[in-house]
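Let's walk through this fold together, going from a pair of residues out to the sheet and then to the helices. Keep the viewer open as you read.

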Amino acid sequence: MVKLTMIARVTDGLPLAEGLDDGRDQKDSDFYKQQAKLLFKNLSKGQHEASRMSIETGSYFFHYIIEGRVCYLTMCDRSYPKKLAFQYLEDLKNEFERVNGSQIETAARPYAFIKFDTYIQKTKKLYLDTRTQRNIAKLNDELYEVHQIMTRNVQEVLGVGEKLDQVSEMSSRLTSDTRIYADKAKDLNRQAFIRKYAPVAIVIGVVIILFWAKNKIW
């Protein structure tokens, strides 16, 4: 199953588009996104050996294609067929070049083509079930071979120790910031609730006291 999709410019590592997730597994999502960004950074320095590569990382594999100075990257479960993963990337590459090819070099801000997420989500659904007739036909396509595509470990690619510690630290910071934001949001909601209903509670309290006092007098 496709878990993550990102597209970046190789010359400077600038993220161009991303398949937006639904917020589940947020901690893992942040961690692997940071790994992907470090991969893009390495690629921008010319630290790559092939235009197509698979990279083992934890329970997943990154697969990427580089063409036209753009890197198309996806992260899939270990069990997901490598052949389908690269055909998925080929579909994204062809459409991205067709729609945005003339603007890639001039893009100046991150995620300038974030609207491409619509196509990413639509294409991802087509590759979701590996047992469909369409995907079985792609798996049996002898003209598209992936056996020669190199597979490496993420520690080899990013470097042992320091780079992975950096990813962990960045991910922890994102998670911590998210918690702080959530706590602040709860406090603000609580304060808003108090401001809204405190006057009503006071009025009701005064009415009850007056009613009680009136009964006492009578």
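Ile55 sits opposite Arg152 of strand 6. That pair belongs to the parallel pairing of strand 3 with strand 6, which runs over 4 bridges. Keep in mind that you're looking at a predicted model.

Now turn to strand 4, the antiparallel partner of strand 3. Strand 3 (residues 52-57) and strand 4 (residues 60-67) are joined by 6 bridges. Among the pairs, Ser54 stands opposite His63, and Thr57 has Tyr60 as its bridge partner. The two strands make a hairpin with 2 residues between them, and in that turn Gly58 takes a positive phi of about 60°.

Zoom out a bit and the rest of the sheet comes into view. It's an open sheet of 6 strands, ordered 2-1-5-4-3-6, and the pairing is mixed. Strand 2 (15-18) and strand 6 (150-153) are the edge strands; each has a single partner strand, so one side of each has no neighbour in the sheet. From one strand to the next, the twist averages 20°.

What lies across these strands? Helix 2 does: it lies across strand 1 (2-9), strand 2, strand 3, strand 4, strand 5 (70-77) and strand 6. Relative to strand 4, helix 2 runs at about 40°.

Helix 2 has a helical partner, too. The axes of helix 2 (residues 82-100) and helix 3 (residues 117-126) come within 10 Å, crossing at roughly 150°. The cut-off for calling a pair roughly antiparallel is an angle over 145 degrees, and helix 2 and helix 3 are therefore roughly antiparallel to each other. Their crossing is right-handed. On the helix 2 side, the contact is made by Tyr88, Asp91, Leu92 and Glu95; helix 3 brings Tyr119, Ile120, Thr123 and Lys124. Sort the residues of this contact by character and you get 4 nonpolar, 1 polar and 3 charged.

So how far does the predictor's confidence go? Over the chain, the mean pLDDT is 81, with 73% of the residues at 70 or more. Helix 2 has the highest confidence in the chain, at 96, while helix 6 (residues 162-217) has the lowest, at a mean of 58. Go carefully around residues 161-165, where the pLDDT is below 50. In the model, this stretch has 8 contacts beyond near neighbours in sequence.

Conventions: Residues are numbered from 1 along each chain as its sequence is written. This is a predicted model: local features need pLDDT of at least 70, side-chain atom pairs count only at pLDDT 80 or more; totals for chains, interfaces and linings use all residues. Side-chain values use heavy atoms; hydrogens and water are left out. Axes are lines fitted to C-alpha atoms, for helices over the stretch in contact, and angles run from 0 to 180 degrees between N-to-C directions. Angles under 35 degrees count as roughly parallel, over 145 as roughly antiparallel, 65 to 115 as roughly perpendicular and the rest as oblique. A crossing is left-handed if the near helix is turned anticlockwise from the far one by less than a right angle, and right-handed if clockwise. Contact means heavy atoms within 4.5 Å. Ala, Val, Leu, Ile, Met, Phe, Trp, Tyr, Cys and Pro count as nonpolar, Asp, Glu, Lys and Arg as charged, and the others, Gly among them, as polar. pLDDT is the predictor's confidence in each residue, from 0 to 100. Two strands pair if DSSP finds at least two bridges between them.
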